Amino acid sequence: MTVVNMLQRQIERRAELICQSRNQNLPVDMGKSSFESVEQGVHFLQHHCKLDSSRCEYISPVAKLVWEEDISQWALYVPEDQEGEVSWLPYPYLSKSSDLTALIREVEKDPKSMFWI
C-alpha cells in the first residue's frame, strides 16, 4: 500500500467517525452528516430534510479536507456559493497543517460556526 493510499484510508476513517458522532447526537431536522471521497481527501456534506420527513430535500457542502502532496500538509477549505457554483476557500483560522487531528477537530467542533450551519 502506498503512502497516498494509507493517507486516504486514514482520512476516510476519521470522516466516517465524525459523521457517525454528529448523526447520533442531532435530530433529523438538523440534517444528516456524510462525506464523499475525493482525490487525496474528503468532502463533508450535510443532507437537509423537512421537519415532517426523513427524506433529503437538498445537500450542501460543509468542508473539504485534502492532502497536498507538494507541501506535505493537510489543507482545509470552506465552501463559497457563487451563483450556484461552489468554490473552495482556505479555512481562515487553520488552513494547512501537518497534523490531521487538528484539522479534523476544527471540522468536528466547528468553533467558528463556519461548517455545520
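Is E16 buried, partly exposed or exposed, and what is the relative accessible area? E16 comes out as partly exposed, with a relative accessible area of 32%; here buried means under 20%, exposed over 50%, and partly exposed anything in between, using a 1.4 Å probe and protein chains only. The model is a predicted one, so to speak of local features takes a pLDDT of at least 70 and to count side-chain atom pairs takes pLDDT 80 or more, while totals for chains, interfaces and linings use all residues. Residues are numbered from 1 along each chain as its sequence is written, and side-chain values use heavy atoms, with hydrogens and water left out.

E16 also turns up in a salt bridge, where its partner is R13 and the closest N and O atoms are 3.4 Å apart. A salt bridge here is a side-chain nitrogen of Lys or Arg within 4 Å of a carboxyl oxygen of Asp or Glu, and by that rule the count is two. R13 and E16 sit three residues apart in helix 1, which puts about one helical turn between them. Helices (H or I, at least four residues) and strands (E, at least two) are DSSP runs, numbered from the N terminus. Like E16, R13 is partly exposed, with a relative accessible area of 43%.

The other bridge runs between K96 and E68, again with 3.4 Å between the closest N and O atoms. This pair ties together distant parts of the chain: K96 belongs to strand 6 (residues 96-97) and E68 to strand 3, 28 residues apart. K96 is partly exposed at 33% relative accessibility, whereas E68 is buried at 18%.

Now to the inside. The largest nonpolar core has 21 residues, and F44, L65, W74, L76 and F115 are those with the most contacts within it. By nonpolar core is meant a set of buried Ala, Val, Leu, Ile, Met, Phe, Trp, Tyr and Cys residues joined through side-chain atoms within 4.5 Å. At least two core residues come from each of helix 1 (3-25), strand 2 (41-49), strand 3 (56-68), strand 4 (73-82) and helix 2 (100-109). Helix 1 is the top contributor, giving five residues.

F115 is worth a closer look. Leaving aside residues up to four places away in sequence, F115 touches V62, A63, L76, Y77, V78, Y91, E106, V107 and D110, with contact meaning heavy atoms within 4.5 Å. One of these partners, A63, lies in strand 3 and is buried at 0% relative accessibility. With the same sequence neighbours left out, A63 touches V42, H43, F44, L76, Y77, P79, W88, V107 and F115. Between A63 and V107 the C-alpha to C-alpha distance is 7.4 Å, although 44 residues separate them in sequence.

Helix 2 offers another such pairing. A102 is part of helix 2 and is buried, with a relative accessible area of 17%. A102 and W74 are 28 residues apart in sequence, and their C-alpha atoms are 9.8 Å apart in space. Just before the helix comes D99, in the loop between strand 6 and helix 2. D99 is partly exposed at 38% relative accessible area, and 12 Å separates its C-alpha from that of Q10, 89 residues away along the chain.

The segment after helix 2 holds some backbone oddities. D110, in that segment, has a positive phi of about 50 degrees despite not being a glycine. S113, also placed in the segment after helix 2, has a positive phi near 55 degrees and is likewise not a glycine. Their surroundings contrast: D110 is buried, with a relative accessible area of 10%, while S113 is exposed at 57%.

Finally, the pocket. The largest pocket holds about 200 Å³ of space. On a 1 Å grid over the protein atoms alone, a pocket is an open set of points where a 1.4 Å probe fits, with protein on both sides within 12 Å along at least five of seven lines, and lining residues have an atom within 4 Å of a point. Grid points are joined across faces, edges and corners, and the volume is the space filled by probe spheres set on them. The lining consists of Q46, H48, S60, P61, V62, P79, E80, D81, V86, M114, F115 and I117. Strands 2, 3 and 4 each supply at least two of the lining residues. By type, the lining splits into seven nonpolar, three polar and two charged residues, where Ala, Val, Leu, Ile, Met, Phe, Trp, Tyr, Cys and Pro count as nonpolar, Asp, Glu, Lys and Arg as charged, and the others, Gly among them, as polar.
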